[in-house]
Amino acid sequence: MGASAAWHLAKAGAAVTLVESDPESHSTATASSFGWVGASAGSPSDNPVAFALRLKALEAFAALAGQLGPLPIATRGALLWLSNEDETAAMIAEHQSAGTRMERLIRAQITDKEPMLAQAPPLAAWAPDDFALEPAAFARQLLAGAQDLGASIRQGTVDAVEVAGNRVAGVVVDGMRLAADTVVLANGLGAQALALAVGVHLPIRRSPAVLLKFGTEAHGLRHLLCADDMELRPSLGGGLVSAADYPGNAESGFPELAARSGDAIAHLLGLTEAPPLVSIAAAQRPMTTDGTPLCAYVGEIEGLFALVAHPGVILAPFLGQLCATSVLNA
């Protein structure tokens with residue numbers, strides 16, 4: 001979110017400084033994101049407004065690639081199936097009615113798409129427009145683009161938002177004042193404490209998720225897979241990436257989760273043994289309480305803007321543009 005806002009603001013001619021606390025961190029929501037970009041990742045009926053926004057947001061990626069160059073895309077196309085044919089058929093029908101470009105594939109067609117599957121299901125959904133990108137690399141690409149446009153990137157921790165009268169005056173970074181006319185809080189859950197310190201409540205909550213990386217090179221997986229509650233994709237650098245729910249017993253449950261995920265991957269792909277685990281990490285995803293993205297000026301203090309939403313990777317290009325438009329037209 002912050003990288004997208006910085007790039008769009010710099011592109012529009014604003015003088016931008018982005019403060020990044022730890023660009024190499026592997027525990028942020030960005031670094032621990034699965035990176036699935038597409039409409040089929042959620043159910044239209046769960047939140048029709050959010051789904052419509054997601055469809056609109058996807059349009060921004062083509063334009064972005066035209067200006068930044070090739071995006072760090074690991075794979076294109078997604079195969080999805082549920083526990084039985086009826087559920088899968090209902091999912092496909094719902095998405096098609098909602099405007100998702102989704103096709104029905106029978107077993108022979110599924111096997112043609114993914115020859116490494118040990119046993120293809122009788123029916124699956126094929127989402128050709130979905131893709132997976134590497135979120136951390138995507139953020140770095142946006143930041144590099146912002147710097148090319150004149151933005152300044154400063155490493156440090158924002159201690160507080162500085163206010164003069166009823167207006168933002170800047171931020172305090174590691175004890176030093178940095179003047180600004182507008183402050184955009186795009187640091188996920190960290191935005192809540194900074195805003196609260198100046199009397200502004202942000203309606204966001206935390207939602208933990210786990211990202212697992214496996215090191216096998218011989219898996220032969222071609223696309224995104226969502227099967228039997230498993231999300232799996234190839235990594236741009238080789239190996240496999242899987243997303244999982246946070247264990248009920250917290251990080252003490254990581255070894256069991258990793259073993260279970262590795263066994264499930266081996267079963268799905270017909271591997272003789274579970275792929276070796278490279279890493280497992282959890283992050284707190286920032287969610288708004290009503291599911292609606294927070295992309296607006298907040299509170300009674302002039303110049304304080306909040307940019308927090310989930311799914312961040314999908315919405316970042318669209319909301320970054322919306323943020324820039326809102327800030328520069330204020």
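These legends go with an overall view and several close-ups of a predicted model.

**Figure 1. The whole protein, with nine helices and 17 strands.** The radius of gyration is 21 Å, close to the 20 Å that the globule rule gives for 330 residues, so the protein is as compact as a globular protein of that length. If you lay a ruler along the principal axes, the C-alpha trace spans about 65 × 40 × 35 Å. Of the 330 residues, 47% count as buried. The accessible surface comes to about 15400 Å², and carbon and sulfur atoms own 51% of that. Now for who touches whom: take the contacts with a separation of 6 or more, and 69% of them are between residues 24 or more positions apart.

**Figure 2. Helix α2 and its buried face.** Helix α2 runs over residues 48-58, and its buried residues are Phe-51, Arg-54 and Ala-57. Look down the axis of α2 and these buried residues fall within an arc of 120 degrees, so they line one face of the helix. Flip to the face turned away from that buried side and you'll find the exposed residues Pro-48 and Val-49. What covers the buried residues of α2? The cover includes α3 (60-68), α4 (85-98) and α9 (312-328).

**Figure 3. Ala-98 and what it touches.** Ala-98 sits in helix α4, one of the helices that cover the buried residues of α2. Ala-98 itself is partly exposed, with a relative accessible area of 31%. Leaving aside residues up to four places away in sequence, Ala-98 touches Pro-44, Phe-51 and Leu-55. Phe-51 should ring a bell from the previous legend, as one of the buried residues of α2. Ala-98 and Phe-51 are 47 residues apart along the chain, and their C-alpha atoms are separated by 8.6 Å.

**Figure 4. An open sheet of three strands.** The strand order is β10-β17-β16, and the pairing is mixed. At the edges are β10 (183-185) and β16 (294-297), each pairing on one side only. From one strand to the next, the twist averages 15 degrees. As a quick refresher, strands of a sheet pair through backbone hydrogen bonds, either parallel or antiparallel.

**Figure 5. Zooming in on the pairing of β10 with β17.** In which sense do β10 and β17 pair? The two strands run parallel, with three bridges between β10 and β17 (residues 304-308). For a pair to pick out in this view, start at Val-183: its bridge partner in β17 is Leu-304.

Methods:
Residues are numbered from 1 along each chain as its sequence is written. This is a predicted model: local features need pLDDT of at least 70, side-chain atom pairs count only at pLDDT 80 or more; totals for chains, interfaces and linings use all residues. Side-chain values use heavy atoms; hydrogens and water are left out. Buried means under 20% relative accessible area, exposed over 50%, partly exposed in between (1.4 Å probe, protein chains only). Helices (H or I, at least four residues) and strands (E, at least two) are DSSP runs, numbered from the N terminus. The arc is that of the directions from the helix axis to the C-beta atoms. Contact means heavy atoms within 4.5 Å. Two strands pair if DSSP finds at least two bridges between them. Axes are lines fitted to C-alpha atoms, for helices over the stretch in contact, and angles run from 0 to 180 degrees between N-to-C directions. The radius of gyration is taken over C-alpha atoms; the globule rule is 2.2 Å times the number of residues to the power 0.38. Accessible areas come from the Shrake-Rupley method with a 1.4 Å probe; for residues, only the protein chains shown count as cover.
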